[in-house]
Amino acid sequence: MKKVALLGDSLTAGWGLKKGLNWSESLASTFAESQFINLGIPGDTTTGMLSRFQQQVIEQQPDVVVIFGGLNDLNWGTPINEVACNYNAMIAQAQHHNIRPIVIITSPIDPIGSLPLFAHQQETVNSIRDAIATLSSEYSKRLITMYGHGPLGIEVVDIYQAFEAYALEHGYSALYQDDGIHLSAVGAEVIFNQLKDVVAKLIA
């Protein structure tokens, strides 16, 4: 039986979603022959994820780890370079211990729906969205260049791009709960659809 660790924040934990609707649960039901360990902690940052990586990921010896974080860092003004460095460290540790990493570029926030959470400061919302766009357009390519080779090469799943593509056709609001940040069932399904073929390949 293959083992897959899902490391992240509330978007991995399934905060606010009814049981069975999160992308993590969809993976577990689709690939029932594999074990999925949900290590999502609401409010966690990539620094927190890195601090628990040894105990919660490496010591469990999964075959694959899905690393999905960064939104809380950026919400609190953490420099994007620090987020990228934390990703870098987790990827390097995973590969060193023969664990195949899947890196998720985090979802954007709703440019309108998230405004109340940020005291209606459009500049703050735009800054967070711009930082996530930079993770997508620049840092993901660097990670692939550094860690995308060999039998343990990373896979990058860009949820920022997937959400932006969905929003172009249908708008943002359906992707989120009322806060414009946490996933709705639709948003969780978009993530599952982006992940399922990658996970299938790695656990085959």
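Ser136 is found in helix α7, which covers residues 122–147. In this predicted model, Ser136 is buried, because its relative accessible area is 3% and the cut-off for buried is under 20%. The points below start from Ser136 and its helix, then turn to the sheet, a helix pair and the nonpolar core.

**Ser136 and helix α7**
- Leaving aside residues up to four places away in sequence, Ser136 touches Ile105, Lys141, Asp158, Tyr160 and Gln161.
- Two of the strands met below also have members on that list: Ile105 falls within β4 (residues 100–105), and Asp158 falls within β5 (155–158).

**The sheet**
- An open sheet is formed by 5 strands, arranged in the order β2-β1-β3-β4-β5 with parallel pairing.
- At the edges are β2 (35–40) and β5 (155–158), each of which pairs on one side only.
- On average, and ignoring direction, neighbouring strands of this sheet are turned by 15° against each other.
- Strand β3 (residues 64–68) and strand β4 (residues 100–105) run parallel and are joined by 5 bridges.
- Within this pair, Val64 has Arg100 of β4 as its bridge partner.

**Helices on the sheet**
- Helix α6 (residues 80–96) lies across β1 (3–8), β3 and β4.
- The direction of α6 is at about 160° to β4.
- Helix α7, the one that holds Ser136, packs on the sheet and touches β4 and β5.
- The direction of α7 also makes about 160° with that of β4.

**The pair α2 and α9**
- Helix α2 (residues 23–30) packs with helix α9 (residues 185–203) at an angle of about 40°, and their axes are 9 Å apart.
- The two helices, α2 and α9, are therefore oblique to each other.
- The crossing of α2 past α9 is right-handed.
- On the α2 side, the contact is made by Trp23, Ser26, Leu27 and Thr30.
- On the α9 side, the contact is made by Ala188, Ile191, Phe192, Leu195, Lys196 and Val199.

**The nonpolar core**
- In soluble globular proteins, nonpolar side chains tend to be buried together.
- Here the largest nonpolar core has 65 residues.
- The members that touch the most others in this core are Trp23, Phe53, Val65, Ile102 and Leu195.
- Trp23 and Leu195 also take part in the contact between α2 and α9.
- Not counting residues up to four places away in sequence, Ile102 touches Val64, Val65, Val66, Ile67, Glu155, Val157, Leu195, Val198, Val199 and Leu202.

Conventions: Residues numbered from 1 in each chain as written. Predicted model: local features only at pLDDT ≥ 70, side-chain atom pairs only at ≥ 80, totals over all residues. Heavy atoms only, no water. Core = buried A, V, L, I, M, F, W, Y, C linked by side-chain atoms within 4.5 Å. Buried < 20%, exposed > 50% of the residue type's maximum accessible area, 1.4 Å probe, protein only. Contact = heavy atoms within 4.5 Å. Helix = DSSP H or I, 4+ residues; strand = E, 2+ residues; numbered from the N terminus. Pairing = 2+ DSSP bridges. Axes fitted to C-alpha atoms, helices over the stretch in contact; angles between N-to-C directions. Parallel < 35°, antiparallel > 145°, perpendicular 65-115°, else oblique. Left-handed = near helix turned anticlockwise from the far one by under 90°.
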